[in-house]
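Got your viewer open? Let's walk through this one together, one selection at a time.

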Amino acid sequence: MQWFDARLAEAAYSLSNSSLLEPAGLRHNIGPAGRRIQDAYAKREESEPDAVQIFWSISSKLRKTLRAEPEQWATPKPTKAHLAERYWQQRSHVLVAQRYDTVSGRINALWSNSPTVGSGWVPLSIPDQPTGKALVAWWNSTPARLLLLNMRSKKLTYPTWSLAQLRQVGIPKPNNPAWGALAQAWEEACELEMVPLSQGEECPARHLIDQAAALALGMEEEQLAEWRQMLAQEPTISNRPAPLQEQLRVR
């Protein structure tokens, strides 16, 4: 059971069956997993000859905007150098979160000016920069968040997604007319601070992104605004008990 409000389950179901979307893994390589980066690289305090900069944390105190820079220097572990090199070949400008705190988390995907890899962040291959930026915007849209949060397991407030699940996240098909709008939404929102889901209505960046996402889905913006409001009220997102009258109505 993922949702208190069953309307969100219905919304996620309709999105997963939308003829306008296709699985992200159909056209984009997604990997390696963040755990593999931890296994292959060791953190360093500063740059060394063979060091690279990677993302090591998903902390909401660090990750507040769609554009971000890797914060950690790292070098391949001596016994894992061949693996580190293979993983480094998969680096990308676009990284998607493999785990997420639903109460305090802010972003589910980011753009790095320098292609890289991450711990807790998974590279997603892109054909060009506009497409990559559009994907970052989409991945942070309310519809994409619904799809991601509908695949939660174990701990609903801190889900972790497998690579197989990330590859199943629906994205607009190549012929969707909204790709340009999504790329433009990234340009306008990339430096704006994103706030947690519970404050979604107070986030100008989310409004910009959802306007483009509505175009991608052929929907009215008001529908996405309703989903955004329902998400903000979910107990596993707001960190507040459901209102008593709602509990009684569900029963």
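In which sense do β3 and strand β5 pair, and over how many bridges? Select residues 72-76, which make up β5, and look at where they meet β3: the two strands pair in the antiparallel sense, over 3 bridges. Keep in mind as you go that this is a predicted model.

**Stop 1: the three-stranded sheet**

Stay on that strand pair and pick out individual residues. Val52 sits opposite Ala74 of β5, and Ile54 has Gln72 in β5 as its bridge partner.

Now add residues 41-44 to your selection; that's β2. β2 and β5 also run antiparallel, joined by 4 bridges. To find one contact point here, click Arg44, whose bridge partner in β5 is Trp73.

Zoom out a little and you have an open sheet of 3 strands, in the order β2-β5-β3, with antiparallel pairing. At the edges are β2 and β3 (52-54), each pairing on one side only. Turn the view to follow the twist, which averages 50° from one strand to the next.

**Stop 2: the helix across that sheet**

Next, select residues 81-88. This is helix α3, and it lies across β2, β3 and β5. Line up your view with β3 and you'll find α3 running at about 65° to that strand.

**Stop 3: the four-stranded sheet**

Which strands make up the other stop on the sheet tour, and in what order? They go β4-β7-β6-β8, forming an open sheet of 4 strands with mixed pairing. For the edges, select 67-68 for β4 and 121-124 for β8; each of these pairs on one side only.

Then move inward to residues 92-97 (strand β6) and residues 109-116 (strand β7). These two pair in the antiparallel sense over 4 bridges. Click Val96 and look across to β7: Ala109 stands opposite.

**Stop 4: two crossing helices**

Last selection: residues 142-149 for helix α5, plus residues 204-217 for helix α8. Their axes come within 8 Å and cross at roughly 85°, which means α5 is roughly perpendicular to α8.

Show side chains here to see who meets whom. From α5 come Thr142, Pro143 and Arg145, and they meet Arg206, Asp210, Ala213 and Leu217 in α8. Color the α5 contact with α8 by residue class and you should get 3 nonpolar, 1 polar and 3 charged residues.

Notes
Residues are numbered from 1 along each chain as its sequence is written. This is a predicted model: local features need pLDDT of at least 70, side-chain atom pairs count only at pLDDT 80 or more; totals for chains, interfaces and linings use all residues. Side-chain values use heavy atoms; hydrogens and water are left out. Axes are lines fitted to C-alpha atoms, for helices over the stretch in contact, and angles run from 0 to 180 degrees between N-to-C directions. Angles under 35 degrees count as roughly parallel, over 145 as roughly antiparallel, 65 to 115 as roughly perpendicular and the rest as oblique. Contact means heavy atoms within 4.5 Å. Ala, Val, Leu, Ile, Met, Phe, Trp, Tyr, Cys and Pro count as nonpolar, Asp, Glu, Lys and Arg as charged, and the others, Gly among them, as polar. Two strands pair if DSSP finds at least two bridges between them.
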